[in-house]
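Here are my notebook entries from a look through this model for empty spaces and surface features. I kept them short, so follow along with the structure open.

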Amino acid sequence: MKKIIIDFIQGVRNLFARFGSYQQKSPYVVMIALALVIVIVGINLFVELTAQLKTETLSNYDHQITQFIISYRNPVLTQYFKIVTEVGDVHGYLIVLGISVILSAFIFKKWKYIAQISLVLLLATLSNVMLKRFIDRARPGIEHLVVVKTLSYPSGHAMSAMAFYGFLIYLVYRIKMNKFLKTALYLFLVLLILSIGISRIYLGVHFPSDIAGGFIAGLIWVVFCILIFNLVEVFRKDPLT
């Protein structure tokens, strides 16, 4: 893996050197290399986790973590996590997309961001459906506090939350705004992603490993799409790059 990354960076470096513009493009080399590392490591982690799904060790971890989380069940937390899990479902994404469209139209005027985040969510959703059917893991046998109809691994809520709200974190980073507001949005979106993941365990519809797999797969899509979108932007501005 290390050799592949080194060779890739060297190849990009040589490409830029031919045009005498390596110094100007060096930030993109770093970005590409870092994104490549994250994607490769993420895929390896996902494959390794998937391979351990039927092992006793992972089963014990799933059981212990689940029991710890559901031991805190109470009416207030149950209501909170039911609301949070809806935010990580189709209705939640439609509402957030609607708000994003309004902000893009009247404030930021960046329609490409809407297209980008919609594409990230679509890719995460479609790949999640395929992964669930291929891996075919049943839901936990404990009491479900909400109705579910699909398979268990990887968690669609966790995967979509990481992809959608994770990409929103990237967009907040890209958009110029007050530093205090930006930091507050970072914290809110991170808390929301984690809450959506925990909610699925709390409500009894997912194993903790389902959530971990979903987060990893969602993060892979976020990083991969950020890489592609930035490369498209670079080549669009400078076709000789």
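**Entry 1: the cavity.** I looked up the largest cavity in this predicted model and found a volume of about 40 Å³. Counting cavities of 30 Å³ or more gave me one. Its lining consists of Lys112, Tyr113, Gln116, Tyr170, Arg174, Phe229, Asn230 and Glu233. I then asked which elements give two or more residues to that lining, and got helix H6 (111-135), helix H7 (156-174) and helix H9 (208-237). Sorted by class, the lining of the largest cavity holds three nonpolar, two polar and three charged residues.

**Entry 2: the pocket.** Next I turned to the largest pocket, where I read off about 570 Å³ of space. I noted 26 lining residues, and those closest to the centre of the pocket are Asp89, Thr150, Gly156, His157 and Arg200. The elements giving two or more residues to this lining are helix H4 (75-87), helix H5 (90-108), H6 and H7. Which element gives the largest share of the lining of the largest pocket? I found that H6 does, with six residues. By class, I have ten nonpolar, nine polar and seven charged residues around the largest pocket. For my own cross-reference, H6 and H7 also appear among the elements that give two or more residues to the lining of the largest cavity.

**Entry 3: a nonpolar patch.** On the surface I picked out a nonpolar patch of about 390 Å², made by Leu119, Leu122, Leu126 and Met130. I chose leucine 126 for a further check and placed this residue in helix H6. Is leucine 126 buried, partly exposed or exposed? Its relative accessible area is 48%, so I wrote leucine 126 down as partly exposed. A patch residue needs over 30% relative accessible area, and leucine 126 at 48% is partly exposed.

**Entry 4: a loop residue.** Last, I went to leucine 203, which sits in the loop between helix H8 (179-202) and H9. Why does leucine 203 count as buried? Its relative accessibility is 0%, and buried means under 20% relative accessible area, so leucine 203 belongs in that class. I also looked up how leucine 203 stands to isoleucine 70: in sequence they are 133 residues apart. In space, the C-alpha to C-alpha distance between leucine 203 and isoleucine 70 is 7.8 Å.

How values were computed
Residues numbered from 1 in each chain as written. Predicted model: local features only at pLDDT ≥ 70, side-chain atom pairs only at ≥ 80, totals over all residues. Heavy atoms only, no water. 1 Å grid on protein atoms, 1.4 Å probe; cavity = no way out; pocket = protein on both sides within 12 Å on 5 of 7 lines; lining within 4 Å. Points joined across faces, edges and corners; volume = space filled by probe spheres on them. Helix = DSSP H or I, 4+ residues; strand = E, 2+ residues; numbered from the N terminus. Nonpolar A, V, L, I, M, F, W, Y, C, P; charged D, E, K, R; others polar. Patch = residues over 30% accessible without salt bridge, like charges linked within 9 Å, V, L, I, M, F, W, Y side chains within 5 Å. Areas by Shrake-Rupley, 256 points an atom, 1.4 Å probe, with all protein chains shown as cover. Salt bridge = Lys/Arg side-chain N within 4 Å of Asp/Glu carboxyl O. Buried < 20%, exposed > 50% of the residue type's maximum accessible area, 1.4 Å probe, protein only.
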